[in-house]
Amino acid sequence: VVKDALEAGADIIVTGAGLPLELPVLTKDYPDVAIVPIVSSARALKIICKKWKAAGKMPGAVIVEGPKSGGHQGAKYDELFAPEHQLEAILPPVKEERDKWGDFPIIAAGGIWDHDDIQKIMELGADGVQVGTILLATKECPIHQNYKERIIKAKSSEITVVGRINGFPTRLLKNEMSRAYLEKEKSGASVEELEIFSLGRLKEAVLGDIQNGALMAGQIVGMVNTEKSVKELIEDLFKDLEVQEK
């Protein structure tokens, strides 16, 4: 995937799902391409920077993601709700670790949905933010309209986390798919079986099946209740010039 992205002309490659320790090697022939890891702890950033420095390339930025984000999580299920694993708690240590290796930007993600959130998180040391769930409800978002309307109507209480037993927590909207996944976990299904099941349900989400599809969404989904254009959303998020300048 990295090779294809590079050949297609990507300027930035963002990677999650584990520690991408070999990414500098994979991109060594493309020195101008920025590589950006997603981390959920200062320890993860330390491991990455130590390995990448030895390979001669440092992060172009780092995304620190808290456990309120949609989709896969970088913590065990029991850790998702602990205060010490929330974005506000993990961001300062990540900044402290970043300062040991350089001044590349810190991008905060997971549970950010409005202007006040951005201000608070930047006061903790972030240089920017990444948002996902609030963009799902924008007019330009290409997800199926059924999925989009489900996002707009959803309450935060309708979010659940699957992958509780197999070690791959994933935050989704509750539906037949999420209930079936949890039942499979309880019955002892293997990681491979669960992965095959999940991949099929991602396709169902693309096709607009809101009962059988994997409808990934963040914990703040209940705050999203209208369909806006991206322009309107960005204007709402960055209505304070001081935040824009940062």
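A residue counts as buried when its relative accessible area is under 20%, as exposed when that area is over 50%, and as partly exposed in between. The exercises below apply this and related criteria to a predicted model.

**Exercise 1. Classify R150 as buried or exposed, and place it in its surroundings.**

Step 1. Locate the residue: R150 belongs to helix α7.

Step 2. Apply the cut-off. The relative accessible area of R150 is 16%. Because the limit for a buried residue is under 20%, R150 is buried.

Step 3. List the contacts. With residues up to four places away in sequence left out, R150 touches E158, L173, K174, I210 and L215.

**Exercise 2. Determine the strand order and the pairing sense of the five-stranded sheet, and describe what packs on it.**

Step 1. Read off the order. The five strands run β1-β2-β3-β5-β6 in an open sheet, and their pairing is parallel.

Step 2. Identify the edges. Strands β1 (12-15) and β6 (128-130) each pair on one side only, which makes them the edge strands.

Step 3. Consider the twist. On average, and with direction ignored, neighbouring strands of this sheet are turned by 25° against each other.

Step 4. Examine one pair in detail. Strand β2 (residues 34-39) and strand β3 (residues 62-65) run parallel and are joined by two bridges. Within this pair, I38 stands opposite I63 of β3.

Step 5. Add the helix. Helix α4 (residues 87-101) packs on the sheet, where it touches β3 and β5 (106-109). The direction of α4 makes about 165° with that of β5.

**Exercise 3. Describe the three-stranded sheet in the manner of Exercise 2.**

Step 1. The order is β4-β8-β7; the sheet is open and its pairing antiparallel.

Step 2. At the edges lie β4 (71-72) and β7 (159-162), each of which pairs on one side only.

Step 3. Two bridges connect β4 with strand β8 (residues 170-173) in the antiparallel sense. Among the residues involved, G71 has R171 of β8 as its bridge partner.

Step 4. Helix α8 (residues 176-186) lies across β7 and β8, and runs at about 30° to β7.

**Exercise 4. Analyse the salt bridges K3 with E7 and K148 with E227 by position in the chain and by accessibility.**

Step 1. State the total: the structure holds twelve salt bridges.

Step 2. Take the pair K3 and E7. Their side chains meet at 2.7 Å, N to O. Both residues lie in helix α1 (residues 2-7), four residues apart, or about one turn of the helix. K3 has a relative accessibility of 55% and therefore counts as exposed.

Step 3. Take the pair K148 and E227. Here the side chains meet at 3.5 Å, N to O. This salt bridge links distant parts of the chain, 79 residues apart: K148 is in helix α7 (residues 145-153), and E227 is in the loop between α9 (191-206) and α10 (230-237).

Step 4. Assign the accessibility classes of the second pair. K148, at 2% relative accessibility, counts as buried, whereas E227, with a relative accessible area of 33%, is partly exposed.

**Exercise 5. Relate the salt bridge between D236 and K228 to the second largest pocket.**

Step 1. Describe the bridge. The side chains of D236 and K228 meet at 2.6 Å, N to O.

Step 2. Classify both partners. D236 is partly exposed at 37% relative accessibility, and K228 is partly exposed with a relative accessible area of 28%.

Step 3. Turn to the pocket. The second largest pocket holds about 250 Å³ of space. It is lined by 15 residues, and those closest to its centre are W113, M223, K228, L233 and D236. Both partners of the bridge thus appear in this group.

Step 4. Name the main contributor. Helix α10 gives the most to the lining of this pocket, with three residues.

**Exercise 6. Where does V206 lie, and is V206 buried or exposed?**

Step 1. V206 is found in helix α9.

Step 2. Its relative accessibility is 62%; because the limit for an exposed residue is over 50%, V206 counts as exposed.

Step 3. Consider the spatial relation to H144. The C-alpha atoms of V206 and H144 are separated by 6.2 Å, although the two residues are 62 residues apart along the chain.

Key:
Residues are numbered from 1 along each chain as its sequence is written. This is a predicted model: local features need pLDDT of at least 70, side-chain atom pairs count only at pLDDT 80 or more; totals for chains, interfaces and linings use all residues. Side-chain values use heavy atoms; hydrogens and water are left out. Two strands pair if DSSP finds at least two bridges between them. Axes are lines fitted to C-alpha atoms, for helices over the stretch in contact, and angles run from 0 to 180 degrees between N-to-C directions. Contact means heavy atoms within 4.5 Å. A salt bridge is a side-chain nitrogen of Lys or Arg within 4 Å of a carboxyl oxygen of Asp or Glu. Buried means under 20% relative accessible area, exposed over 50%, partly exposed in between (1.4 Å probe, protein chains only). On a 1 Å grid over the protein atoms alone, a cavity is a set of points where a 1.4 Å probe fits but cannot get out, and a pocket is an open set with protein on both sides within 12 Å along at least five of seven lines; lining residues have an atom within 4 Å of a point. Grid points are joined across faces, edges and corners, and a volume is the space filled by probe spheres set on the points.
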